[in-house]
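Hi everyone, thanks for coming. I'd like to walk you through a structure today, so please have a look at the screen.

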Amino acid sequence: MDSELLSRRTLRFVNVAHGLDHYVLLIYPTAVLAIAAQTGLGYGELIGLATGAFVGFGLCSLPMGWLADRYGRRNMLAVFFFGYGLSCFGVASAGSPTAFALWLCVLGLASAIYHPVGSTMLVSHARRLGRDLGINGVWGNFGAALASGATAILAAHLGWQAAFLVPGTICLVCGIAFVALVPGDGEGAARKGAEASVIPVSRPAALLAVFGIAIVAGGLTFNLTTIALPKVIDERLAAGLPLQLIGSVATIIFVFGALTQLAMGRLVDRFTLPVLFAGLSVLQPIGLGLAAVTSGIPLLIGLVITIAALYGQVVINDAMIARYVPPAYRARAYSVRYFLGFTVAGFVVPMIALMHERGGFGLVLGTAALFGLVIFAAALGFLGLTRSDGAKALAPAE
């Protein structure tokens with residue numbers, strides 16, 4: 001197949017997979033409201049059952065880059081589509097807390113495939129890195145945004161099982177289409193210029209340490225906020241809202257994150273990454289701090305700022321690896337990046353349950369704001385280290 005055609009098809013499926021990855025992983029935090037009403041179990045108990053899914057999402061990211069190098073990225077992405085579809089059917093069939101926990105673990109294992117594999121495929125086939133990262137980020141964000149609203153509608157009208165069965169069917173159909181239309185990994189339209197885009201640095205170990213701190217803290221803030229969002233809206237924005245309206249408000253908030261990702265993708269092609277990193281990271285503690293101490297409209301404004309900053313940061317993080325890591329090591333670098341971010345962040349599910357019981361969402365969001373300050377400090381450290389490398393090393397790749 002012609003490399004241009006292969007790259008276009010690959011990018012389309014990578015984008016669709018990103019949307020499905022975030023959509024399916026965030027079904028349960030909204031569906032749990034309907035499950036609680038049907039079963040009589042408490043929110044804290046039910047949300048805790050998702051711990052395995054979010055830990056698996058990060059923990060299993062580590063070997064996925066190695067598996068992709070060994071068995072092919074295209075093959076691993078096909079496993080993602082089919083694995084996600086089957087795990088959705090499994091969760092829908094669950095009838096006990098043990099079954100929920102087991103199938104959510106399987107779902108987390110399948111979800112772990114996308115980011116290390118899909119991100120590497122995107123960088124390999126991208127024509128303009130920033131633009132294509134931004135577009136890919138929008139797909140992921142809209143997947144997260146639609147999860148709350150669509151899950152609420154399906155659960156309200158067809159039952160919570162339908163909230164898993166419908167996207168599970170879509171995953172299986174996409175997997176069949178992907179296998180039929182994308183025959184292999186190929187070289188990729190962007191492969192020839194990949195080496196030239198790598199930015200040299202004089203202190204890689206120090207940069208790696210600072211970036212790792214930002215990744216871990218960012219994973220905590222991301223998951224604390226996105227997992228708790230439907231319940232935060234339920235309790236603190238307007239108590240007594242129907243489930244459908246709660247999901248719709250959450251969807252609107254996530255849309256702002258999608259718009260930020262699109263804008264950030266454009267900025268990546270025009271400005272230096274360390275400056276963008278520092279400028280965007282300051283918004284996280286501001287938005288989370290505002291949301292922690294307010295309710296109503298001010299809470300909504302704080303959540304919008306937070307979600308915009310969180311999802312914009314995803315584009316920055318992926319661009320960092322694409323610009324600073326040589327192509328031969330990118331799949332493994334993305335594996336480590338998501339392993340650090342999502343494995344540690346997977347433990348926020350019991351954290352949310354514990355802090356919600358002891359101090360409500362003021363404590364949950366306040367804790368997330370502290371992690372946001374850590375990200376800002378790491379971003380300033382990254383900026384200081386890269387400035388010493390000189391203006392040439394900071395110039396954005398063409």
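**A serine, a helix and some salt bridges**

Let's begin with Ser281, which sits in helix 13, the helix made of residues 273–281. Before I go further, please keep in mind that this is a predicted model.

Is Ser281 buried or exposed? Its relative accessibility is 0%, so Ser281 counts as buried. What does its side chain have around it? A polar atom of that side chain lies 3.0 Å from the backbone oxygen of Ala278. If we set aside neighbours within four places in sequence, Ser281 is in contact with Gln313, Gly372, Ile375, Phe376 and Ala379.

Next, helix 15, which covers residues 296–324. How far apart should the ends of helix 15 be? With 29 residues and 1.5 Å a residue, the helix should span 42 Å, and its end C-alpha atoms are indeed 42 Å apart, so expectation and model agree. Helix 15 is also mostly covered, with 24 of its 29 residues buried.

Now to the charged pairs. How many salt bridges does the structure hold? There are four, and I'll take you through some of them.

One of them involves helix 15 again: Asp318 forms a salt bridge with Arg337, and the closest N and O atoms are 3.3 Å apart. This pair links distant parts of the chain, since Asp318 belongs to helix 15 and Arg337 to helix 16 (residues 330–346), 19 residues apart. Both partners, Arg337 and Asp318, are buried.

Another salt bridge joins Glu4 and Arg127, with 3.4 Å between the closest N and O atoms. Why is this pair worth a look? Glu4 lies in helix 1 (residues 3–25), while Arg127 is in the loop between helix 8 (114–125) and helix 9 (129–158), so the bridge ties together parts that are 123 residues apart in sequence. As for how covered they are, Glu4 has 30% relative accessibility and therefore counts as partly exposed, whereas Arg127, at 53%, counts as exposed.

The last pair for today is Arg131 with Asp132, whose side chains meet in a salt bridge at 3.3 Å, N to O. Here Arg131 is partly exposed, with a relative accessible area of 25%, and Asp132 is buried, with a relative accessible area of 10%.

That's my tour. If you take one picture home, let it be Ser281, buried in helix 13 and in contact with residues including Gln313 and Phe376. Thanks for listening, and I'm happy to go back to any of these on the screen.

Terms used:
Residues are numbered from 1 along each chain as its sequence is written. This is a predicted model: local features need pLDDT of at least 70, side-chain atom pairs count only at pLDDT 80 or more; totals for chains, interfaces and linings use all residues. Side-chain values use heavy atoms; hydrogens and water are left out. Helices (H or I, at least four residues) and strands (E, at least two) are DSSP runs, numbered from the N terminus. The expected span of a helix is 1.5 Å times one less than its number of residues. Buried means under 20% relative accessible area, exposed over 50%, partly exposed in between (1.4 Å probe, protein chains only). A polar contact is a pair of N or O atoms within 3.5 Å; within protein, one must be able to donate a hydrogen and the other to accept it, and residues adjacent in sequence count only if both atoms are side-chain atoms. Contact means heavy atoms within 4.5 Å.
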